[in-house]
Amino acid sequence: MKTGLSLLNTMPADASPSHPGQPGQRELVLRVMPMPADANANGDIFGGWIMAQVDIAGSILPARLSRGRVTTVAVNEFVFKQPVSIGDLLSFYATVTRVGRTSITVHVEVMAERDPENLHVVKVTEANLTYVAIDLNGKPRPLTT
Ligand SMILES: CC(C)(COP(=O)(O)OP(=O)(O)OC[C@H]1O[C@@H](n2cnc3c(N)ncnc32)[C@H](O)[C@@H]1OP(=O)(O)O)[C@@H](O)C(=O)NCCC(=O)NCCS
């Protein structure tokens, strides 16, 4: 029976153009630009909006690796390092850090491209999230099936 890391080595070659998802391999999984409706009373982007995007971004590799449905079981760490502004172009990078029997843990880093006239990129958020592969009844599903 293949489990854990060996599962990653059985990924189909067409899983993605660059064969991503190996532990430690960082992949761009989402890009999005927050709009005024996503701002809080300070004029910065609402933390809850960022958390929702991180949750979506973090689920991409687990869904691919598990070849099916996943659900978020835990947000192990979440750090807002810099405020996010309307119009920042956010890039979400994911790295698989652990593969268990039914769960996959992912590190997500969010980089913001800002100020097009003097372009610079800053890390605004990072988080660790764990997803569980689930069956049609919402029960944990071994990653080998
Ligand atoms: C995720 C869920 C299906 C897990 O069911 P469960 O009966 O608790 O399953 P288990 O106890 O067997 O744990 C399943 C896996 O999750 C892991 N896990 C459970 N709690 C965890 C935690 N707090 N942190 C990290 N991993 C955790 C277990 O270690 C196990 O991993 P492994 O199989 O790789 O060893 C269930 O808790 C659930 O449906 N939760 C709600 C999910 C949800 O709605 N998320 C959306 C956000 S609201």
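Which residues does Phe80 touch, not counting residues up to four places away in sequence? In this predicted model, the residues that Phe80 touches under that condition are Gly47 and Thr125. Phe80 has its place in strand E2, and it counts as partly exposed because 16 C-beta neighbours lie inside 10 Å, a number that falls between the limits of 12 or fewer for exposed residues and 20 or more for buried ones. The C-alpha atom of Phe80 is separated by 8.7 Å from that of Ala127, although the two residues are 47 residues apart along the chain.

The setting of this residue can be described from the overall organisation of the chain, which has two helices and five strands. When the chain is read along the sequence, these elements follow the pattern α-β-α-β-β-β-β. Of the 145 residues in the chain, 29% are buried. Among contacts between residues at least 6 apart in sequence, 68% join residues that are at least 24 apart.

The five strands form an open sheet in the order E1-E3-E4-E5-E2, with antiparallel pairing. Strand E1 (27-32) and strand E2 (70-80) are the edge strands, each of which pairs on one side only. From one strand to the next, the twist averages 25 degrees. Phe80, as a residue of E2, therefore belongs to one of these edge strands, and its 16 C-beta neighbours inside 10 Å place it in the partly exposed class.

Within the sheet, E1 is joined to E3 by five bridges, and the two strands run antiparallel; in this pairing, Arg31 stands opposite Ser91 in E3. Strand E3 (residues 89-99) is in turn joined to strand E4 (residues 103-114) by 10 bridges, again in an antiparallel arrangement. Here Val96 stands opposite Val106 in E4, while the bridge partner of Tyr93 in E4 is Glu109. E3 and E4 form a hairpin, with three residues between the two strands. The pairing continues from E4 to strand E5 (residues 120-133), where 12 bridges join strands that run antiparallel, and Arg114 stands opposite His120 in E5. E4 and E5 likewise form a hairpin, in this case with five residues between them, and Asp115 in the turn has a positive phi of about 60 degrees.

Helix H2 (residues 47-66) lies across E1, E2, E3, E4 and E5, running at about 130 degrees to E4. The environment of Ala94, which is found in strand E3, illustrates contacts between this helix and the sheet. Ala94 is buried because 25 other C-beta atoms lie within 10 Å, where 20 or more are required for that class. Not counting residues up to four places away in sequence, Ala94 touches Ala57, Gly58, Ile60 and Leu61, together with Glu27, Val29, Val106 and Val108. The first four of these residues fall within the span of H2, Glu27 and Val29 within that of E1, and Val106 and Val108 within that of E4. The C-alpha atoms of Ala94 and Gly58 are separated by 6.2 Å, with the two residues lying 36 residues apart along the chain.

A ligand is also present in the model, and 13 residues surround it, the closest being Ala74, Gly100, Arg101, Thr102 and Ser103. The elements that give two or more residues to the shell around the ligand are E2 and E5. The largest share of this shell, four residues, comes from E2. By class, the shell comprises five nonpolar, seven polar and one charged residues. The edge strand E2 thus contains Phe80 and also provides the largest share of the shell around the ligand.

Technical notes: Residues numbered from 1 in each chain as written. Predicted model: local features only at pLDDT ≥ 70, side-chain atom pairs only at ≥ 80, totals over all residues. Contact = placed C-beta atoms within 7 Å. Pairing = 2+ DSSP bridges. Axes fitted to C-alpha atoms, helices over the stretch in contact; angles between N-to-C directions. Near = placed C-beta within 6 Å. Nonpolar A, V, L, I, M, F, W, Y, C, P; charged D, E, K, R; others polar.
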